[in-house]
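Biologist: Before we discuss the details, please show the sequence and the structure. I shall then ask about the strands, the helices and their packing in turn.

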Amino acid sequence: MAAEPDILHELHLLRARMPQLTGALAASVDGLVLAHDTPGVEPEGLAALTAAALGVAVRLTDATGRGGLRELLVRGERGYVATYAAGRTAVLTLLAQDRVNVGRLHLEGRRAGARIGELVETAHRTTHTVTES
């Protein structure tokens, strides 16, 4: 994907703004890695698990009438896993320490997700324009 370096740059910027992040991954909604900065975590496995979790979360929001899924937050004993929509076809998954400010995590995750969504959509439009010519 042509946007991969730009997406990776966005992940690095995000981790620089939030030192409590221990990893960041952009993936397609079907579990393919677009870019990652996930030291100590296997990105393909994380992308696959994210896709599985999204499937359940989407069904949960549909079943309860809560509308389209926007984000998913899981808290473990040693931190958080947060997943944010990144356009219509991608997601951003962040790994954070337990001491992270959750409000800031959401703010930064939503902003970065929107930016990554724009990058993915632009790359998709460019790819289709080139192949149609």
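Biologist: How many residues of strand β1 are buried?
Modeller: A preliminary remark is that this is a predicted model. Strand β1 comprises residues 21–28 and is mostly covered. Of its eight residues, the number buried is seven.

Biologist: In what order do the five strands form the open sheet?
Modeller: The pairing in this sheet is antiparallel. For example, β1 pairs with strand β5 (residues 90–96) over seven bridges, and four bridges join β1 to strand β2 (residues 33–37). β4 and β5 also pair over seven bridges. The order of the five strands is β2-β1-β5-β4-β3.

Biologist: Which strands stand at the edges, each with a single partner strand?
Modeller: The open sheet has the order β2-β1-β5-β4-β3. A strand at the edge has a single partner, so one of its sides is left without a neighbour in the sheet. The strands in that position are β2 and β3.

Biologist: By how much are neighbouring strands of this sheet turned against each other on average?
Modeller: The five strands form an open sheet with antiparallel pairing. With direction ignored, the average turn between neighbouring strands is 10°.

Biologist: Which residue is the bridge partner of A26 in β5?
Modeller: β1 and β5 run antiparallel and share seven bridges. Towards β2, a different pairing of β1 places A24 opposite D37. In β5, the partner of A26 is L92.

Biologist: Which residue takes a positive phi in the hairpin of β1 and β2?
Modeller: β1 and β2 are antiparallel and joined by four bridges. Their hairpin has four residues between the strands. The phi near 95° belongs to G31.

Biologist: How many residues lie between β3 and β4 in their hairpin?
Modeller: Strand β3 (residues 71–76) and strand β4 (residues 79–86) pair in the antiparallel sense over six bridges. Within this pairing, V74 stands opposite V81. The number of residues between the two strands is two.

Biologist: Which strands of the sheet does α1 touch?
Modeller: β4 and β5 pair in the antiparallel sense over seven bridges. α1 packs on the sheet, and its direction makes about 35° with that of β2. The strands touched by α1 are β1, β2 and β5.

Biologist: Why are the buried residues of α1 placed on the same side of the helix?
Modeller: The buried residues of α1 are I7, E10, L11 and L14. They lie on the same side of α1 because the arc they cover around the axis is only 100°. On the other side, P5 and A16 are exposed. The value that settles the point is the arc of 100°.

Biologist: What is the relative accessible area of L11?
Modeller: L11 lies in helix α1 (residues 4–17). Not counting residues up to four places away in sequence, L11 touches A24, L25, A26, A35, H36, D37, L92 and I116. The C-alpha atoms of L11 and A24 are separated by 6.1 Å, although these residues are 13 residues apart along the chain. L11 is buried, and its relative accessible area is 0%.

Biologist: How far apart are the end C-alpha atoms of helix α2?
Modeller: Helix α2 has 21 residues, numbered 43–63. At 1.5 Å a residue, α2 should span 30 Å, which agrees with the model. The end C-alpha atoms are apart by 30 Å.

Biologist: What arc do the buried residues of α2 cover around the axis?
Modeller: In α2, the residues P43, L46, A47, T50, A51, L54, A57 and T61 are buried. They are on the same side of α2 because they cover an arc of only 140°. The face turned away from this buried side carries the exposed residues L49, V56, R59, L60 and A63. The arc of the buried residues is 140°.

Biologist: At the start of α2, which residue's backbone nitrogen does a side-chain oxygen of E42 reach?
Modeller: The contact lies at the start of α2. The side-chain oxygen of E42 comes to within 3.1 Å of the nitrogen. The residue that provides this backbone nitrogen is E44.

Biologist: Is H106 buried or exposed?
Modeller: H106 lies in helix α3 (residues 102–132). Leaving aside neighbours within four places in sequence, H106 is in contact with E71, L73 and Y84. Buried means under 20% relative accessible area. At 15%, H106 is therefore buried.

Notes. Residues numbered from 1 in each chain as written. Predicted model: local features only at pLDDT ≥ 70, side-chain atom pairs only at ≥ 80, totals over all residues. Heavy atoms only, no water. Pairing = 2+ DSSP bridges. Buried < 20%, exposed > 50% of the residue type's maximum accessible area, 1.4 Å probe, protein only. Expected span 1.5 Å × (residues − 1). Arc of directions from axis to C-beta. Polar contact = N/O pair within 3.5 Å; in protein donor to acceptor, adjacent residues only side chain to side chain. Contact = heavy atoms within 4.5 Å. Axes fitted to C-alpha atoms, helices over the stretch in contact; angles between N-to-C directions.
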